[in-house]
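Visitor: Please pick one part of this model and go through it closely with me. I'd like the local geometry, followed by how the rest of the chain is arranged.

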Amino acid sequence: QVQLVESGGGLVQAGGSLRLSCAASGLIFASRIMGWFRQAPGKDREFVAAVSASGRNTAYADSVKGRFTISRDNANNTVYLRMDSLKPEDTAVYYCNPLSGWSTRDPTVSWGQGTQVTVSS
């Protein structure tokens, strides 16, 4: 059974930074494309970023491009999301999930509990 445990969220002022972590177990982590998603109050969950199995390739939603950086540590089954220049509109619960493919970017397992990020103006 795949388990995803997100951490690292918090309250930060606009312009600040946070680094989120997602520890994954129950899967062959090093073979999976991993992604971050977020869900703001009253909105659908949306794709944020993806990293290839090797970590060499990354992709971002336009809304976070140039501000967020996704990375991974295959030795420790962990994927990270470094968030800089945070804006109030980045406020959301953030989740990770292994993806179905590089183009499709669909989540493939049950969601973890997520980690709350709140950006104050």
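Guide: Helices and strands here are DSSP runs numbered from the N terminus, with at least four residues for a helix and at least two for a strand. In that scheme, R105 sits in the loop between β9 and β10. Keep in mind that this is a predicted model. That loop is a handy way in, since it also holds W111, so let's go there.

Start with the rings. Searching the whole structure turns up three aromatic pairs. In one of them, F37 and W111 have ring centres 5.2 Å apart and planes at 80 degrees, which makes the pair edge-to-face. F37 belongs to strand β4, residues 34–39, while W111 is in the loop between β9 (92–98) and β10 (115–120), so this pair ties together parts that are 74 residues apart in sequence. The burial of the two partners is worth a look too: F37 has a relative accessible area of 5% and is buried, whereas W111, at 29%, counts as partly exposed.

W111 has another ring partner in Y95. Their centres are 5.5 Å apart and their planes are at 65 degrees, so this pair is edge-to-face as well. Here the sequence span is 16 residues, because Y95 lies in strand β9 and W111 in the loop between β9 and β10. Y95 has 11% relative accessibility, so it counts as buried, the cut-off being 20%. Put the ring pairs together and you get a cluster of F37, F47, Y95 and W111.

There's a charge in the picture as well. The charged end of R45 sits over the ring of W111, 3.9 Å from the ring centre. Elsewhere, R72 does something similar, lying over the face of F29 at 4.5 Å from the ring centre.

Back to the W111 loop for its backbone. Most residues other than glycine have a negative phi. R105 has a positive phi of about 55 degrees although it is not a glycine. R105 is partly exposed, at 27% relative accessible area. N77 is another non-glycine residue with a positive phi, near 50 degrees. N77 is in the loop between β7 and β8, where β8 covers 78–83, and with a relative accessible area of 25% N77 is also partly exposed.

Since β7 has come up, take T69, which is in that strand (residues 68–73). T69 is partly exposed, with a relative accessible area of 41%. Setting aside residues up to four places away in sequence, T69 touches Y60, Y80, L81 and R82. By contrast with those contacts, the C-alpha atoms of T69 and T91 are separated by 17 Å, though the two are 22 residues apart along the chain.

Now the N-terminal end. Q1 sits in the segment before β1 and is exposed, with a relative accessible area of 90%. Beyond its neighbours within four places in sequence, Q1 is in contact with S25 and G26. Its C-alpha atom is 7.8 Å from that of L27, although Q1 and L27 are 26 residues apart in sequence. Next comes β1 itself, residues 3–7, where the side chains alternate: L4 and E6 point to one face and are buried, while Q3, V5 and S7 point to the other and are not. Strand β1 pairs with β3 (residues 18–25) in the antiparallel sense, over five bridges, and Q3 stands opposite S25 in β3.

Finally, zoom out. The protein has zero helices and 10 strands. Its radius of gyration is 13 Å, close to the 14 Å that the globule rule gives for 121 residues, so the protein is as compact as a globular protein of that length. Along the principal axes, the C-alpha atoms fill a box of roughly 40 × 25 × 25 Å. Of the 121 residues, 45% are buried. For contacts with a separation of 6 or more, 56% come from residues 24 or more positions apart. As for the surface, the protein exposes about 6,000 Å², of which carbon and sulfur atoms supply 45%.

Notes:
Residues numbered from 1 in each chain as written. Predicted model: local features only at pLDDT ≥ 70, side-chain atom pairs only at ≥ 80, totals over all residues. Heavy atoms only, no water. Phe/Tyr/Trp six-rings, centres within 6.5 Å; stacked < 30°, edge-to-face > 60°. Buried < 20%, exposed > 50% of the residue type's maximum accessible area, 1.4 Å probe, protein only. Lys NZ or Arg CZ within 6 Å of the ring centre and 35° of its normal. Pairing = 2+ DSSP bridges. Rg over C-alpha atoms; globule rule 2.2 N^0.38 Å. Contact = heavy atoms within 4.5 Å. Areas by Shrake-Rupley, 256 points an atom, 1.4 Å probe, with all protein chains shown as cover.
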